[in-house]
Every structure is written in C-alpha cells, then in structure tokens.
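Ready for some practice with a protein model? Take a look at the sequence and structure, then work through the exercises below with their solutions.

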Amino acid sequence: SYSFCTLLYFLTMDDDLPPRQILLIDNYDSYTYNLYQYIAIATGVAPVVLKNVDQRGLSKDYLSQFAGVVISPGPGNPNVEADVGISKTVCCDLFEGPVLGVCLGFQGLALWEGCDIIKAPIAIHGELSEIQHEGRDPIFKDIPKSFKVVRYHSLIVCPKSISSSIDVLATTQVDDLIIPMALKLRHKPHWGVQYHPESICTDFGQQLVSNFVSICGIDTVQAPMINSFPCQISVKQPLARRTISFESLKLDPKIGVMGVYRGLFSDSKNVVWLDSSDPRGRYGIMAEHSDEFPESFYVKYSVDSGILGGEQLPQEFTSTGPILTTLERYLQKIRSTGFQCSVKEELPFQGGFLGYVGYELRGECSEATHCVSPIDLGPVDTALDMPDLFMIYTERFIVIDHHNDLLHVCCVSTPDDRTAKERWSEQTISTLSNLQPYVPTEATPVQEVVKFIPSKTKKEYISDIQQSQHLIKQGETYEVCLTNQFQAEASITDTLTFYEKLRQINASPYAAYIKVEGHGSVCSSSPERFLKIEQSGMCEAKPIKGTIKRSTDSVEDEKLKTELKNSKKDQCENLMIVDLLRNDLSILSEVGSVKVPKLMDIESYKTVHQMVTTVRSRISAETSVVQVLTSTFPGGSIVGAPKTRTMDFIQQLENRRRGIYTGSIGYLSLSNSMDFNIAIRTAVISTSHTGQPVIRIGAGGAITTLSDPEGEWDEIMIKAYPVMRTVSKIITGSEQNYSVALE
C-alpha cells in the first residue's frame with residue numbers, strides 16, 4: 001500500500017514531464033530501506049516500495065510512471081520463484097527502462113539471461129572484499145578502479161556460464177577463482193552488483209546509487225523532495241488540561257536508590273522500576289499501580305488469549321485487536337484532551353505506560369506479520385506463566401537523575417484531580433525526607449547447590465548451530481541469533497533482594513525490576529538499548545554483537561579487549577545487525593538522517609567486554625513512537641538477518657517460546673517519547689505448578705559461517721554467568737555453588 005503523500009504525487013504528476021521516481025522491489029530483505037534512503041537522497045524523491053508478492057495493478061502502463069527499477073537483495077535462490085516474486089516479470093516482460101539488481105537481484109538478472117547460479121566457494125556475510133573494475137561504465141563513474149565493499153551472499157554467478165550478451169564490469173578473486181561482482185546486459189539497460197552498496201562499510205555506495213539515478217535520466221539537482229513516509233492527519237490540539245509538575249530532592253547517598261525503592265514500593269503488588277545501575281545510564285523511573293489512584297491501571301496480555309485482565313481497565317482495553325495499537329489509542333485519547341508536556345531534560349518520562357513487551361508479540365508487529373507463520377509459538381510453559389505483555393499506566397512516578405543525584409517526584413494532573421495529586425506529591429516527599437540510611441539486605445542460604453537445566457542440552461544446541469550454518473550456506477539467511485534458556489528450582493521468595501544483588505554483581509545501564517501480581521518478577525541487568533526516541537524525534541539504537549569475558553589481570557584484560565576489537569567474526573556479526581538497524585529506522589525516519597556515529601565501539605562491563613554500535617536518526621514528524629516500536633520489534637540483534645525469514649527458522653530450531661527474554665522493557669510516554677532495552681541478562685522468577693519457586697535465565701549468540709560451535713556454547717555460558725552467580729549467592733551464600741547440566 002502507498003502513503004497518502006505518494007498517491008498525491010502520482011495524482012499531481014505532469015504527464016508531459018519525464019518520470020523521476022524509482023520503483024524499489026523488496027525481496028523481504030532487512031537492508032531494502034537502506035537502499036530506499038540512498039535512492040531518496042540521490043533523487044530527492046522517495047521511491048515507491050513494492051513487496052515481491054504484490055501484483056496489484058502490475059502492468060506496462062503502471063511501470064511507465066517510473067524512471068528506473070531497483071531489485072533489492074534478499075534471502076534464498078533466484079531459481080526459486082517465491083524468493084524473487086514479481087522481480088522476473090517486471091524485468092523480463094513489463095519494464096523496458098533501466099534496472100539495477102542488488103545481490104539476489106544481481107543473481108536474478110544473470111539467471112534470466114541464461115547463467116548458472118552456484119554455491120560460492122566460501123559463504124560471505126558481513127565481510128569486506130576488494131573489487132576491481134575497468135572504469136569504462138557509467139555505473140562506476142567517479143569511483144576508484146579498486147575499492148572495498150561488503151558482501152552478503154552464499155551463491156555466485158558461475159563465471160563459466162556467462163554468455164557474450166553480458167559484460168562483466170567488476171570482479172573479486174578468491175584463491176584462483178575470479179568471481180563476478182558487477183555486470184551489465186548488452187541488449188538491455190540492466191545493471192547488477194553482487195555486493196551491497198547500501199552497507200555502512202561499503203565504499204562509494206551512495207555514489208553508485210547516484211550513478212544509476214543519473215543513468216535513469218533523473219536530474220538530481222532539480223528533483224523536489226516528496227515525503228512518502230506514512231502520514232497521519234494533523235488535528236488542532238485543544239487547550240492543555242493535563243500538565244506535568246514535579247518537586248526535586250537531593251538523593252542521599254546513605255539511602256541510595258534501593259532505599260528509595262524499599263521506602264516507597266516494598267509493599268506494592270504491581271510495580272515497574274526502570275533502573276540505571278551503571279554510569280552509562282542517567283535516569284531511573286519508579287512507578288506502581290495503586291487502587292488509590294483513579295487514573296492508574298495495569299494490563300496483562302497473552303498472545304494466545306488476548307487481554308488477561310488488569311485493574312481499573314479503561315473501555316479501550318475491552319475490545320480485541322493488537323495490544324500495542326490499543327496502547328497507542330489510549331495515549332492518543334489522553335493527548336487529545338490536552339496534554340502540555342515539559343521540555344525539561346530532567347523528565348525523560350512524562351506519564352504513560354511502563355513495563356515489558358515479550359518476544360512473542362513479534363506476531364503483532366508490522367514486519368513480522370508478512371511472513372512469520374500463523375504462528376506456532378511452541379508449547380505454553382506453565383512453569384513460568386508470565387503474561388506476554390505487562391504495562392502499568394501511571395500519572396504519578398519518581399524519576400531518578402543519577403548524574404546529578406536528584407529525585408523528581410512527578411505527577412500529571414488536570415484541574416479535576418490536581419489537589420489529590422498535589423497531596424500525593426507532598427506525602428511522597430515527606431516519606432522520602434524521613435527515610436533512614438539503607439542497610440543492604442542479606443539473604444539466608446537455604447540450599448547447598450543450584451542446578452540449572454538448559455532447554456537445549458549442549459549437544460542439541462550445537463546441532464542447532466550446525467543447522468543454522470547449513471541454512472546460511474544455502475543462502476536462506478545471513479545470520480541466526482540462537483538462544484538457550486536455563487531453568488532452576490530455587491527458593492527465592494524475596495525477589496527484590498535478588499535484584500539488589502544482581503545490580504551489584506552486574507551493574508547495567510538498562511536494568512529493570514518488575515513485579516506482576518499473581519505471576520512473578522522480572523530482574524534484568526541488560527547492557528543493551530533497543531530504541532530510545534526523544535520528544536524532538538531523535539532516535540538512538542545501540543545494538544550489541546560481540547562479547548568476550550574480562551580478566552582480573554589488567555594486562556590480560558586489555559589483551560582480551562583488543563582481541564574482541566580485532567575479531568573478524570564479531571565484526572561481521574555486528575555489521576550485519578548495524579545494517580539491519582539502519583534499515584529498520586530508515587522506514588520511518590527522515591531521509592538522510594540515519595547515521596552511525598560510533599561503529600563497533602568496545603564497552604567494558606563488570607564481567608564482559610562488548611562490541612557496541614550507535615545508530616541514530618530523526619523520526620518523521622507524523623510518526624508516533626508506537627509506530628516505530630511495532631515497525632522495528634523485536635530488536636534485530638536477538639533475531640539475525642534477514643529478520644523476517646530468520647524468525648521463522650529460529651522458531652523451527654528453538655521450538656519453544658522465549659517469553660520476556662529477548663523482548664523489551666521500557667516506557668511509552670505521553671510526550672511521544674520512549675526508551676526500551678533488549679531484555680537480555682535477564683532472570684524471570686515465578687512459581688511452578690508444584691508451588692516451587694522457579695528461575696529462568698536466557699542466553700544466546702549470533703551464528704554465522706565463521707562461528708565455532710564449541711565457542712558459541714562457551715559464549716552463552718559467559719553471558720549467563722553473572723545471573724547464575726547471583727542466584728547462587730542468594731540461595732547458597734556463595735557465587736560459585738551452581739552447576740549446569742550438559743546432557
């Protein structure tokens with residue numbers, strides 16, 4: 001479907017002017033919208049994107065509106081009709097103008113001209129190669145004859161099958177084999193490149209796309225920019241009835257944030273604490289649901305059963321439909337009554353929803369709905385019966401500014417309830433002012449050892465790795481983020497004390513503690529930000545790919561850090577996810593705004609070094625944060641690439657539900673801002689059907705052709721280690737009294 005703005009463009013187009021828009025055929029790749037951005041930058045006109053299954057209105061007359069066609073990369077094989085969809089019909093039968101095929105599109109152009117597509121001698125995904133061209137074709141105008149590119153492919157065009165109707169424009173060499181990297185058909189204006197010009201690490205990628213645009217006859221200087229992002233109708237906002245106010249106090253270090261939490265929320269049944277226990281995170285947010293707050297409610301949701309219930313649920317939550325859409329509708333309703341947000345930096349959250357979104361909600365999110373099968377989620381795990389989504393709506397909350405050691409007691413009020421909320425604020429400040437110095441709680445050991453049982457044994461997990469690598473070599477996917485979960489019966493009745501110890505052992509910038517009445521608790525020490533969007537529309541993602549353990553010896557620790565920085569495998573993993581995140585953000589971001597200020601930076605935590613990239617963009621003005629969340633969820637770093645097809649493979653391989661693990665924890669603010677983590681390094685504590693407390697910990701890693709199966713098992717143990725240590729400390733009194741069943 002097309003946005004209103006794109007349809008308006010076609011309706012107002014002057015028939016006497018040459019076409020100046022590009023058609024981009026999406027082969028369900030996770031990099032298509034990086035090409036979208038490059039094309040829009042080059043032309044000044046956003047391209048029209050068609051999924052390769054979309055045949056509606058496909059005709060010569062329709063295609064005559066376009067100056068050129070770009071066929072995106074994608075998983076699979078061009079010999080498989082479903083993998084290329086309409087691409088062949090468009091190029092071979094309907095469109096006579098310039099065509100640029102990228103990766104799968106390149107292979108398709110060669111195949112349809114009679115070439116053979118064969119397995120590459122080595123599957124290459126996320127690696128840099130140097131290619132050479134002779135400089136005689138306009139597609140390589142102003143590009144050096146030798147330059148570096150990023151390749152994602154397991155198949156190649158067989159050099160021996162290339163006929164005289166094809167010019168090979170660029171090549172790379174692997175041992176004695178010269179592999180075609182670019183071609184042109186002699187009898188048609190069709191070009192193809194095997195590499196990915198849209199990758200952040202490819203040299204001259206934008207230049208190549210601009211060259212193709214010039215070949216299409218588009219004057220890039222005079223072409224106007226037309227925004228074809230999804231549009232919403234703007235409505236005039238009423239006078240503000242809801243305003244936010246806050247009172248600030250100095251945070252007493254003798255009390256600390258744990259003392260604040262215990263002083264205010266220790267008896268709360270449903271509570272969310274978004275915590276920043278590491279200096280890289282600035283703010284913490286605490287809020288509860290209380291029957292005494294008329295405006296407050298919480299909602300629990302299951303992908304199997306819909307809304308499971310909640311307290312004081314508004315009418316919006318009594319109907320069926322995607323739960324994230326329902327959350328959005330409610331936020332819009334509150335804003336429509338008049339909400340005056342604050343522009344003060346110290347208030348990142350200004351009332352709204354706080355909680356978690358479980359991984360299984362991927363089926364309700366836009367990209368997933370295209371291909372993730374209708375969906376066999378795996379068996380329901382009654383041992384940890386947590387909702388797939390839990391959110392508290394609050395207009396009374398605490399914001400903690402760790403950088404300035406400040407507490408902000410906040411409330412959103414209307415003239416009708418202002419007096420009551422001011423009274424709550426005064427009572428809260430009084431409670432905080434009278435807190436005594438906090439003494440950390442020590443748990444009493446109740447077991448001698450904790451035994452963790454993995455959902456997949458070591459042998460099974462390694463088998464899944466090998467199957468993933470087989471799929472990659474077949475060209476079906478580029479990277480698969482496999483996970484495992486470790487479960488133990490553990491007598492943890494005080495989950496807050498467990499979380500307190502976890503934040504000491506593994507301090508993290510995107511940590512969280514959540515209590516869900518009747519279900520259990522979530523204790524997260526996540527180091528990874530999924531997405532943050534500020535009121536201004538500035539968006540940031542910080543994907544992590546690449547992990548190595550730390551050493552207590554400073555010299556050895558520095559060597560390990562350097563080893564991670566120079567690891568080819570980890571660089572490839574990170575790059576694939578960076579390109580995926582750029583793609584996901586490009587869908588709803590302003591053209592030209594997607595940037596990578598930090599690429600493969602090394603961040604050090606208490607137990608591990610991590611390879612972290614920062615991706616930033618500016619979300620288009622008409623877009624809500626919930627649209628961005630549903631468009632990008634789940635995070636690419638815990639799925640792999642291409643995202644849609646890889647989620648199907650993950651479900652087949654793991655054959656179980658991930659639950660909260662690899663979902664996201666965070667907030668959706670009335671100020672149209674949000675901040676969510678990736679729920680890794682996370683423990684879920686609940687009660688089994690026998691009444692025994694049960695704890696589950698997830699850990700996983702990215703699988704590529706460069707992965708060593710034994711090494712991958714070791715990596716997930718490194719990642720699970722801090723949380724397992726915490727369980728052991730709470731239960732046995734020692735961090736080392738735990739074991740993991742391997743068989």
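Here are four short exercises on salt bridges, burial and backbone geometry.

This is a predicted model, in which local features need pLDDT of at least 70, side-chain atom pairs count only at pLDDT 80 or more, and totals for chains, interfaces and linings use all residues. Residues are numbered from 1 along each chain as its sequence is written, and side-chain values use heavy atoms, with hydrogens and water left out.

**Exercise 1.** Find the salt-bridge partner of Arg503 and say where both residues lie.

*Solution.* Start with the rule: a salt bridge is a side-chain nitrogen of Lys or Arg within 4 Å of a carboxyl oxygen of Asp or Glu. The partner is Asp275, with the closest N and O atoms 2.8 Å apart. Next, place the two residues: Arg503 sits in helix α13 (residues 495–505) and Asp275 in strand β11 (residues 271–275), so the pair links parts of the chain 228 residues apart. Helices (H or I, at least four residues) and strands (E, at least two) are DSSP runs, numbered from the N terminus.

**Exercise 2.** Decide for each residue of the Asp304 and Arg657 salt bridge: buried, partly exposed or exposed?

*Solution.* First, the cut-offs: buried means under 20% relative accessible area, exposed over 50%, and partly exposed in between (1.4 Å probe, protein chains only). Asp304 has 46% relative accessibility, so Asp304 counts as partly exposed. Arg657 has 15%, so Arg657 counts as buried. Their side chains meet at 2.7 Å, N to O.

**Exercise 3.** How many salt bridges does the rule give, and which residues join Arg242 in a network?

*Solution.* The count comes to 37 salt bridges. For the network, follow the links from Arg242: Glu395, Asp417 and Lys421 belong to it.

**Exercise 4.** Look for unusual backbone geometry at Pro634, Pro642, Tyr28 and Thr662.

*Solution.* Begin with the background: most residues other than glycine have a negative phi, and most peptide bonds are trans. Now check the prolines. The bond from Phe633 to Pro634 is cis, with omega near -5°, and Pro634 lies in the loop between α16 (625–632) and β29 (640–641). The bond from Ala641 to Pro642 is also cis, with omega near -10°. Then turn to phi: Tyr28 has a positive value near 55°, and Thr662 has one near 70°. Finally, check burial: Tyr28 is buried at 13% relative accessibility, and Thr662 is buried at 1%.
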